[in-house]
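Biologist: Could you take me on a close look at one part of this model, the metal site and what surrounds it? I am in my first year, so please explain each term as you go.

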Amino acid sequence: MSAVQLTVGQQSFTVGNIFCIGRNYAAHAAELGNAVESEPLVFLKPTSALIDESSPLQLPDYSSDVHHECELVLLIGEGGRDIAAEHALSHIAAYGLGLDMTARDIQSLAKSKGHPWTKAKGFPSAATISHLLPAADIADPQQLHFQLHVNEELRQHGDTRLMLFPITTIISYLSRTYGLQRGDLVYTGTPEGVAAVKSQDRLRLSLGEQLSAHWSVA
Ligand code: MG
């Protein structure tokens, strides 16, 4: 099964662009020594980076410091340009959780050289995606708590009320700057607590009782 096709209920989506927001929680920006941004910081992952729960997490051989970043992920159902913030949520088909896996050593090198982050953020299995909850099942996406456990130890706890750029702003900004299409995914940023993973680690993402997803590190 290819993770590039996602299903929500009876609907099927071909994954298009994978947008990721960096530094969207102040405590995470601070833990990496980064300033808070004045507009959303956006980077992209290739679709070849995406895995679902049927695949183990493979670490790239060129990094010795691959970090988990647990994030709320949006699936765009209806695309558009210049989407107003007040209409933004109606463009979201589903919500899930994912890991923005990051080769931190490679990212630091790229930052120091002023290079793009692609090698640090785009390797196969750098984007994990859970099964998805239809948008109708989420009463208010800006009031969600999500967690990441590694080997059953709590590592990250996200509260979407703490996003620096709320979901409506992100959708509006992405639609204005790049355009959004049905099937695009949006990784909305990670809370604090990022850390390295190692072979055999077991990662468990959860959104209350509504959703849980698991990956093992190969
Ligand atoms: Mg991230």
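Modeller: Happily; here is a walk from the metal site outwards.

A few ground rules come first. This is a predicted model, in which local features need pLDDT of at least 70, side-chain atom pairs count only at pLDDT 80 or more, and totals for chains, interfaces and linings use all residues. Residues are numbered from 1 along each chain as its sequence is written, and side-chain values use heavy atoms, with hydrogens and water left out.

Let us start at the metal. The magnesium ion is held by E69 (OE), E71 (OE) and D100 (OD), at 2.0 to 2.1 Å. Such donors are N, O and S atoms within 2.8 Å of the metal (3.2 Å for Na, K and Ca), and since water is not among the atoms, sites may look incomplete. Along the chain, the donors of the magnesium ion have the spacing E-x1-E-x28-D. E69 sits in the loop between β6 (66-68) and β7 (70-76) while D100 belongs to strand β8, so this pair ties together parts that are 31 residues apart in sequence. The element names come from DSSP runs, numbered from the N terminus: helices are H or I with at least four residues, and strands are E with at least two.

Now look at D100 itself. Its strand, β8, covers residues 92-100. D100 counts as buried because its relative accessibility is 0%. Buried means under 20% relative accessible area, exposed means over 50%, and partly exposed is in between, using a 1.4 Å probe and protein chains only. E69 is buried too.

Who surrounds D100? Leaving aside residues up to four places away in sequence, D100 touches F43, K45, H67, H68, E69, E71, K121, A126 and Y187. Touching here is contact, that is, heavy atoms within 4.5 Å. With one of these neighbours, K121, D100 makes a side-chain to side-chain polar contact of 2.9 Å. A polar contact is a pair of N or O atoms within 3.5 Å; within protein, one must be able to donate a hydrogen and the other to accept it, and residues adjacent in sequence count only if both atoms are side-chain atoms.

From D100 we can step to T102. The backbone oxygen of D100 lies 3.1 Å from a polar atom of the T102 side chain. T102 is in strand β9 (residues 102-103), and with a relative accessible area of 0% T102 is buried. Not counting residues up to four places away in sequence, T102 touches D65, V66, H67, E69, Q107, A120, K121 and F123. T102 and A126 are 24 residues apart along the chain, and their C-alpha atoms are separated by 6.8 Å.

E69 also leads us to an enclosed space. The largest cavity has 16 lining residues, and R23, H28, E69, Q107 and W117 lie nearest its centre. On a 1 Å grid over the protein atoms alone, a cavity is a set of points where a 1.4 Å probe fits but cannot get out, and lining residues have an atom within 4 Å of a point. The volume of the largest cavity is about 100 Å³. A volume is the space filled by probe spheres set on the points, with grid points joined across faces, edges and corners. The model has one cavity of 30 Å³ or more.

What is the lining made of? It divides into four nonpolar, six polar and six charged residues. Ala, Val, Leu, Ile, Met, Phe, Trp, Tyr, Cys and Pro count as nonpolar, Asp, Glu, Lys and Arg as charged, and the others, Gly among them, as polar. Both β3 (18-22) and α2 (104-113) supply at least two residues each to the lining of the largest cavity, and α2 gives the largest share, three residues.

One last link takes us back to strand β8, the home of D100. The buried residues of helix α4 (residues 167-177) are I167, I170, I171, S172, Y173, L174 and S175. These buried residues of α4 pack against β3, β4 (41-45), β7, β8 and β14 (185-187). After α4 comes G179, with a positive phi near 85°.

Definitions and conventions. On a 1 Å grid over the protein atoms alone, a cavity is a set of points where a 1.4 Å probe fits but cannot get out, and a pocket is an open set with protein on both sides within 12 Å along at least five of seven lines; lining residues have an atom within 4 Å of a point.
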